[in-house]
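Me: I am new to reading structures, and I would like to go through one slowly, asking how each label is earned.

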Amino acid sequence: MRDTTKVDVAPGRYLVRLSRMGINSQSKYGVDTVLWAGLRTFLKGSNSFPDVSTVAIRLKASQSTQGSYKFGVLGTRKLLVWTGSTFELQATRNPAWAFLDAATNSQYGSGLAISKTDFNAVVNHAAGCDSRGDTFDYRVSTAIAVPEALDKILTASRARHFWLGDTVSIVRDEWRDVPTMLLTDREIVRDSTQVGFTMLGDEDPDAVIVEYIDEETWLPAQVQYPPSGDGFVAANAEPKRIDGVVNRDQAFRECAFYYLQSIYRRETVELGVEYEGRAITFGQVLRVQSELPQNYGYGGEVIDVSGRTLTLDPAPTWDSGPFFIRLRQPNGQSFGPVLCTEGGDPSLAVLNAGGLAAAEAAQSTTLAAVLEREDGGEYPSFELGTGVSESKLCVVLGGVPNGDKCTLSLVVDDERVHTTDLGSPPLLPSPQFPSDSKVPLIVGINANFGQGIAEPKLSASWFPSAGAEYYVADISYDAGETWAQVYEGADNRFDQVVTLAALRVRVQAVTPGKLRGPYATADVSAPTITIANNTVALESLIEGIRYQVTTLQDALRDQVQEALNRIASVASDIAAQGPLDKQELRSQLSARSDAAFAEIERVDLVAVTTEAAFASFSDTATATWGSTTAFVQNSATAIATLDGYAAASYAVTLDVNGYATGFSLVNGGSGISTFTVVADKFQIQLPAYNGGAPVPVFTVGTLNGVPATGLSGNLYLDGTFNVKAIAAGSIDVIYLKANSIDSASGVIKALGVQSLSIGDNAVTVPVVQTLGSNVAGAGFGNWVSFFSFNMSIDTTGLSGKTIVVYVNVNSMFASGSPATETGQFRLLLNGAQVNYYQVALPTGQSALTPLSGAVAITGTGGNVSISIAAQIGVASSCGILAGATIFAMAAKR
């Protein structure tokens, strides 16, 4: 039965609760449970609200629309845009207007008055964005700090915000050759200049990849600079993501800027200045002259002027021309440069008449105004640039005031960082499949070869696919004719050792409903493997294994501990806070007489909160006589939380006078579970064996004070090992009887063993050969054997048994041809081709060309002969170098 109650209330916010006055019926003939199905409110009056966008939907009820509750809306951003005379509400993608809106909007922005924004800087930046085609398309879905939001908006146009007192402004990272201030050694605090250089190493990125959402597909895409092509393939590209960029040309420009900045901006400067440092702001460009780096120009003061001749102190070094001089104006700005020559002595600089007139006209001033100072004031500063030493243009990265001084952090700028002649970005790859929102798609697959110790290793990654539960990856060595699976898992990347050859990799996404999406493919060229001397040492192998084991143990322990912590946290929340619903059932049965006491107690608890569901039970049986106590406890707990986490634990504890044993199970999800046993002995007994007595298979104890585990000597089902230990040199018999060692001395000498008495693959028949001289080819397609022999295998007692023959060849292919040659390589086992590939090799080079394979034969009870051949098909000017090796092994049972 369903009942709905409507109540009219005054406008406001309400907390509603429903209480049942009586208890549930205890009759076995029916139930009268009350469930609160939901709460709805209906607003009367206007449906228009301030600062809220509302959408009205009306659709006809039909079989296809029943249960519809998700609707998509296409929204267009409209902001206030300055038209030159007034603000108009327009649809815009310009980052400058988005910045102004975020800074001034009182509802969701910082609420600054427009008078507290550098309006001219915003208007100029908006015009620059329009001319370059810079756009910002982004939806802010969660609340973020105002500074972070402002910089996120401006980053798409290569700009940042900064404060001029209480006014927010914009600065863009672009080439500016007119500095805002000239600083020489006379303005820089003595001994405060520090210059640093960042050196590029092999580990530094050789390219930059920008990830963005492309407006043509509205799917993740990426662009790289410099682009990979015939002459360059990036091996260590650095990925970056720019939010709000959806245009491929814009993403390519920013990608190039990040790369060129890392190449040409590697010289940093830190210096101290006095009060004028407080007038310098973030992002400004300064011209810096200093004697510390000897190529930062020559500086000093102008102590006299006569017409176009300046007297300089100290006299600069006139090393090699041409010579240009810059003068510091009263406001700190730079005047010039003006072409000049050395006068009658090194302290005199004669300004070029044409150069002086051009500088005065360009900067709307005169030489007299530039050099004018108040009576008693300091002389004007100069900077002389020569053919080998000139002051540097530096960008301000930051400043730290310290009393009456200020420390500036700068980076030397380079015009090449801001180059615009980049060409067009590589075309966005066309989709490999039609669009279907229900089908999981693989986008942005990257695959390349790396090297382990000496083995080729394929590394592949791709963007996570919406709705995918796991991924499947295959490889093909024959352009897609045949495929072999190399990966299946939930991670969107994998590394796999593969055969040294060009290959094609494909990746497919699979949904929880086992719906398989289309394949995305990538072709990978074969790498060149370089094997270093002494590549693997035994010690490093041992340490590597130890590290892996320790890492896995620590990771599992941390995951299990997290499960226990989550269970304990939910239990404590249940106890400390009022849950939405909680039910607890306790039962107790006890008996007592003087010092004797016995009790069985059971506690069942279930509870739900706004964030978790919790269930547990505990059974405890206790027996006490005086100070002697024993109890058995059986407990279990299960939790499920709002964030999709679930865990369960179960434990049995036996305690006798404080000495506890038992076992526990913890399950924190897939791959996170443990079964822990605390006992002196772990014994297993099969039914109807050993008279029903358990067998101590495992024994836990201490050995020399260290915890250790002992294993029962009966290690095989069909044999017994009855001694406690065998000392070195203690077995001295020729044959061992079945299930026993009965020699008095115990030393094992030459041993005769029947094949049928040994486990699978326990006896091997190896053959190793080394190529003594070079073997030349006979033309492409004409096979020449550089290894060829028959391997004889004794199969006595192995009639009908399967025997596997393994073969591995290591060889070096060399080319003496004046042109690039393609070589063929194949391995034949018992007349069948088991490995084949081709390698293209430029003239004068060599390449490692391994071959490997296996073939299964059936034992006849006698000798079986297997033919083995490694062959090459290539021009006679190429061939296999001496020193090649072949290893063949038959594993017998």
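Reply: Let us begin with a word that will return often: a residue is called buried when its relative accessible area is under 20%, exposed when that value is over 50%, and partly exposed in between. By that rule, 32% of the 893 residues of the protein chain count as buried. Please keep in mind that this is a predicted model.

Me: How do you know how confident the predictor is in the protein chain?

Reply: The confidence is given by pLDDT, which runs from 0 to 100. The protein chain averages a pLDDT of 83, and 85% of the residues score at least 70. Some stretches score low, however: pLDDT stays under 50 over residues 716-725, for which the model has 7 contacts beyond four places in sequence, and it also stays under 50 over residues 727-762, where there are 47 such contacts.

Me: Which helices and strands does the protein chain have, in number?

Reply: The protein chain has 7 helices and 48 strands. Among its contacts between residues at least 6 apart in sequence, 62% join residues at least 24 apart.

Me: Why is His125 called buried or exposed?

Reply: The relative accessibility of His125 is 7%, and the limit for buried is under 20%, so His125 counts as buried. This residue lies in helix 2 (residues 119-132). Leaving aside neighbours within four places in sequence, His125 is in contact with several residues, including Ala96, Leu154 and Ile170.

Me: What makes helix 1 a mostly covered helix?

Reply: Helix 1 spans residues 95-104, and 9 of its 10 residues are buried, each of them therefore falling under the 20% limit. Among the buried residues are Pro95, Ala96, Trp97 and Phe99. The cover over these buried residues includes strand 1 (78-82), strand 2 (87-91), helix 2 and helix 3 (146-155), and also strand 3 (159-164) and strand 4 (167-172). At the start of helix 1, a side-chain oxygen of Asn94 reaches to within 2.8 Å of the backbone nitrogen of Ala96.

Me: Where is a side-chain oxygen of Asn352 placed?

Reply: That oxygen sits at the start of helix 5 (residues 353-363), where it reaches to within 3.0 Å of the backbone nitrogen of Gly354. Just after helix 5, Ser364 takes a positive phi of about 50 degrees.

Me: Why is Thr386 called buried or exposed?

Reply: With a relative accessibility of 8%, set against a limit of under 20%, Thr386 counts as buried, and therefore earns the label. Thr386 is found in the loop between strand 17 (381-385) and strand 18. Although Thr386 and Gly297 are 89 residues apart in sequence, their C-alpha atoms are 7.0 Å apart in space.

Me: What makes the pairing of the side chains of Thr386 and Asp319 a polar contact?

Reply: A polar contact needs a pair of N or O atoms within 3.5 Å, one able to donate a hydrogen and the other to accept it. The contact between these two side chains is 2.9 Å, which lies within that limit, so the name applies. Asp319 is also one of the residues in contact with Thr386 beyond four places in sequence, as are Tyr298 and Phe323.

Me: How do you know that strand 18 and strand 19 pair?

Reply: Two strands are said to pair if at least two bridges are found between them. Strand 18 (residues 392-402) and strand 19 (residues 405-412) have 8 bridges in the antiparallel sense, so the condition is met. Pro401 stands opposite Cys406 in strand 19. Both strands belong to an open sheet of 6 strands, with the order 5-11-18-19-10-6 and mixed pairing.

Me: Why are strand 5 and strand 6 called edge strands?

Reply: Strand 5 (181-183) and strand 6 (194-197) each pair on one side only, and they are the edge strands of that sheet.

Me: Why is Asn657 called buried, exposed or partly exposed?

Reply: Its relative accessibility is 48%, which is not under 20% and not over 50%, so Asn657 counts as partly exposed. Asn657 is found in the loop between strand 31 (646-656) and strand 32 (659-667), and it has a positive phi of about 50 degrees although it is not a glycine.

Technical notes
Residues are numbered from 1 along each chain as its sequence is written. This is a predicted model: local features need pLDDT of at least 70, side-chain atom pairs count only at pLDDT 80 or more; totals for chains, interfaces and linings use all residues. Side-chain values use heavy atoms; hydrogens and water are left out. Helices (H or I, at least four residues) and strands (E, at least two) are DSSP runs, numbered from the N terminus. Contact means heavy atoms within 4.5 Å. Buried means under 20% relative accessible area, exposed over 50%, partly exposed in between (1.4 Å probe, protein chains only).
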